[in-house]
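Let's take a walk around one strand and the helix that comes after it. Have the viewer open and follow along.

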Amino acid sequence: MTMSLPRQAAPPDEPPPRRPEDRRHRNRRRALTLLIIVLLIGVPAGYLVISANQSRNSGKDKEAKYSATGLTAGYPSKVQRRLYQVPIPHPADRVAYYETNNWKTSRLYVQFRTTQPGLETFLTAMGVNRSDLKRGEISVGARDRRITGWTFADPGPWWGLHHAQKNPAPTQDVVVNMSNPVLPMVYVVSRTVP
């Protein structure tokens, strides 16, 4: 008996040959490929450039701020005002400040012009009264006057107070120029010991 071998199946039909790609389809495929490349490489690179410029500009602003060697026009930050307990009243103009820091003492120098009610508000928020101001008292020391360029000469009258507080609260020296009683000019030196 002869054994019969199973028949081998016929090879499957070959898939039909692809027809050549037309020009329109090829152009669309290339445009899609280009778009994907731009999105994957170009967009992150653009963000990197923008971020680098912002970072560099921020560094320049900080450098200018911390390289100041005298009073700078403008308000101190809210954090500085809260830390040194210097509540600048509203309305106030001619506002300028300067901060110094070292391992022993940190100081914030602030000057501003305000109204009589603004002066009352400032003194009350600091924890003192109008009656604590003494006529003719220049409580800001010579060292602090040299740093800021403040000269407490005529015209006056000058009123001042020294507001000492227990650490860690700051100690403040305040001088008020009442030559214009409607718009007094206020000078403050607030010191903290870290």
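In which sense do E3 and strand E7 (residues 185–192) pair, and over how many bridges? The pairing of E3 and E7 is antiparallel, with eight bridges. Strands here (E, at least two residues) and helices (H or I, at least four) are DSSP runs numbered from the N terminus, and two strands count as paired if DSSP finds at least two bridges between them.

A quick word on ground rules. This is a predicted model, where local features need pLDDT of at least 70 and side-chain atom pairs count only at pLDDT 80 or more, while totals for chains, interfaces and linings use all residues. Residues are numbered from 1 along each chain as its sequence is written, and side-chain values use heavy atoms, with hydrogens and water left out.

**The strand and its partners**

Strand E3 covers residues 106–114, and nine of its nine residues are buried, meaning under 20% relative accessible area (exposed is over 50%, partly exposed in between; 1.4 Å probe, protein chains only). Both faces are covered: Ser106, Leu108, Val110, Phe112 and Thr114 sit on one side, with Arg107, Tyr109, Gln111 and Arg113 on the other. Besides E7, E3 has strand E2 (residues 92–101) as an antiparallel partner, again over eight bridges, and a hairpin of four residues joins E2 to E3. Here is one bridge from each pairing:

| Residue | Bridge partner | Strand of the partner |
|---|---|---|
| Thr100 | Arg107 | E3 |
| Leu108 | Ser190 | E7 |

Thr105 belongs to the loop between E2 and E3. Thr105 counts as buried because its relative accessibility is 16%. Setting aside residues up to four places away in sequence, Thr105 touches Thr100, Arg191, Thr192 and Pro194, where a contact means heavy atoms within 4.5 Å.

Thr114 is found in E3 as well, and with 1% relative accessibility it counts as buried. A polar atom of the Thr114 side chain lies 2.7 Å from the backbone oxygen of Pro91. Outside the four-place sequence window, Thr114 is in contact with residues including Pro89, Leu119, Val182 and Val186.

**The helix**

Thr115 caps the N-terminal end of H3, with a side-chain oxygen 3.1 Å from the backbone nitrogen of Gly118. The buried residues of H3 are Gly118, Leu119, Phe122, Leu123 and Met126. Seen down the helix axis, they fall within an arc of 130 degrees, so they line one face of H3; the arc is that of the directions from the axis to the C-beta atoms. The face turned away carries the exposed residues Pro117, Thr124 and Ala125. What covers the buried residues includes E3, strand E5 (158–163), E6 and E7. After H3 comes Gly127, with a positive phi near 100 degrees.

**The cores**

Which residues touch the most other members of the largest nonpolar core? Of its 21 residues, they are Val86, Phe112, Phe122, Val174 and Val186. A nonpolar core is a set of buried Ala, Val, Leu, Ile, Met, Phe, Trp, Tyr and Cys residues joined through side-chain atoms within 4.5 Å. E2, E3, H3 (116–126), strand E6 (171–177) and E7 each supply at least two residues of this core, and H3 gives the most, with four. Apart from it lies another core, of 10 residues, among them Tyr109, Val140, Trp150 and Trp158. Back in H3, Phe122 is in contact with Val86, Pro87, Pro89, Phe112, Val174, Val186 and Val188, leaving aside its neighbours within four places in sequence.

Definitions and conventions
A polar contact is a pair of N or O atoms within 3.5 Å; within protein, one must be able to donate a hydrogen and the other to accept it, and residues adjacent in sequence count only if both atoms are side-chain atoms.
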